[in-house]
Amino acid sequence: LDLLVSSFERWVALGVYYHVVEASVLLVAAYLFVQRSYRPHRSRKLAAPISPRTAAARIEAWTPEPLASAPSERFDRLELNRAEPNFELELQSAAGPRCTLNGVADVLNLATTNFADLVSHPRIEAACEATLRRLGCGSCGPRGFYGTTTEHLRCEAEFAKWSGAEDSISYSFGSSVGSSVVPAFCKKNDVIVCDEAINFS
């Protein structure tokens, strides 16, 4: 009983403003509790139904607004917006961040995966040329077709040593990693934890 009395006295001592706010919150909660779920007003007129033929005609006649304005002549050096049905883009240099396209040099290439511009690096070119002269070149290169070679094992060993891992495995394309690694290490109820650096595939 003493505990109840002391609790009531502390509640009363909180002040009139506290009790006004508390009572307001309780009244609003009680009001919302007794209200019915939302229903559209009966007097609101609904849109008249239209026939499928009219709907099809409206859809065919509708022209969406462009997401962006057409590039001006100053920025559209390749004239990509001209209405030529047989217009094709021809890459005339290495697929680097900057390339030559349809005779226009220094074009920003946003479709390449050569982000670090290693394709045209002199050391990369020299290593590729030496490997081609020693091992040759075929119509297909992935190890899934030709099998594991000495170069695969040497590259994986060097990468494992560089990264500090016990071992490593290389794939010819990023999309083939998920279909191989996930089924090899994960079962149906396993949880895969990854971060934003994971490959898009």
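Here is a walk through this predicted model, from a surface patch to a hairpin and then to two helices and their contacts. Residues are numbered from 1 along each chain as its sequence is written, and side-chain values use heavy atoms, with hydrogens and water left out. Since we're dealing with a prediction, local features need pLDDT of at least 70 and side-chain atom pairs count only at pLDDT 80 or more, while totals for chains, interfaces and linings use all residues.

Let's start with helix H1, which covers residues 2-12. Helices here are DSSP runs of H or I with at least four residues, strands are runs of E with at least two, and both are numbered from the N terminus. H1 gives the most to a nonpolar surface patch, with 3 residues. The patch is made up of Phe 8, Trp 11, Val 12, Leu 14 and Tyr 18, and together they show about 510 Å² of accessible area. (Patches take residues with over 30% relative accessible area and no salt bridge, joining like charges within 9 Å and nonpolar side chains, meaning Val, Leu, Ile, Met, Phe, Trp and Tyr, within 5 Å; the areas come from the Shrake-Rupley method with a 1.4 Å probe, and for residues only the protein chains shown count as cover.) Trp 11 sits in H1 and is partly exposed, with a relative accessible area of 37%. For the record, buried means under 20% relative accessible area, exposed over 50%, and partly exposed in between, using a 1.4 Å probe and protein chains only.

Next, the hairpin. Strand E1 (residues 98-101) and strand E2 (residues 104-108) run antiparallel and are joined by 3 bridges; two strands pair if DSSP finds at least two bridges between them. At one place Arg 98 stands opposite Leu 108, and at another Leu 101 faces Val 104. There are 2 residues between the strands, and Asn 102 takes a positive phi near 50 degrees.

Which way do the side chains of E1 point? In a regular strand the side chains alternate between the two faces of the sheet. In E1, Cys 99 and Leu 101 point to one face and are buried, whereas Arg 98 and Thr 100 point to the other and are not. Arg 98 also has a partner in Asp 106: their side chains meet in a salt bridge at 3.8 Å, N to O. (A salt bridge is a side-chain nitrogen of Lys or Arg within 4 Å of a carboxyl oxygen of Asp or Glu.) Asp 106 is partly exposed at 48% relative accessibility. Across the whole structure, a search finds 5 salt bridges.

More of them turn up around helix H4. This helix holds residues 122-135, 14 in number, and reaches 20 Å from its first C-alpha to its last, close to the 20 Å expected at 1.5 Å a residue; the expected span is 1.5 Å times one less than the number of residues. Just after H4, Gly 136 takes a positive phi of about 85 degrees.

Within H4, the side chains of Glu 129 and Arg 133 form a salt bridge at 3.2 Å, N to O. Being 4 residues apart in the helix, Glu 129 and Arg 133 are separated by about one helical turn. Glu 129 is partly exposed at 43%, and Arg 133 is exposed at 69%.

Arg 134 reaches out to another helix, meeting Glu 151 in a salt bridge at 2.9 Å, N to O. Arg 134 lies in H4 and Glu 151 in H6, so the pair ties together parts that are 17 residues apart in sequence. Arg 134 is exposed at 52%, while Glu 151 counts as buried at 15%. Both belong to a network of salt bridges that also links Arg 154 and Glu 158.

That brings us to helix H6, residues 150-163. Glu 156 has its place there and is buried, with a relative accessible area of 7%. Its C-alpha is separated by 7.3 Å from that of Asp 167, 11 residues away along the chain.

How many aromatic pairs does a search of the whole structure find? It finds 1. Phe 159 and Trp 162 form this pair, which is tilted, at 5.6 Å centre to centre with 40 degrees between the planes. (Rings of Phe, Tyr and Trp, the last by its six-membered ring, pair if their centres lie within 6.5 Å; planes under 30 degrees apart count as stacked, over 60 as edge-to-face and the rest as tilted.) Phe 159 and Trp 162 are 3 residues apart in H6, about one helical turn. Phe 159 is partly exposed at 47%, and Trp 162 is exposed at 69%.
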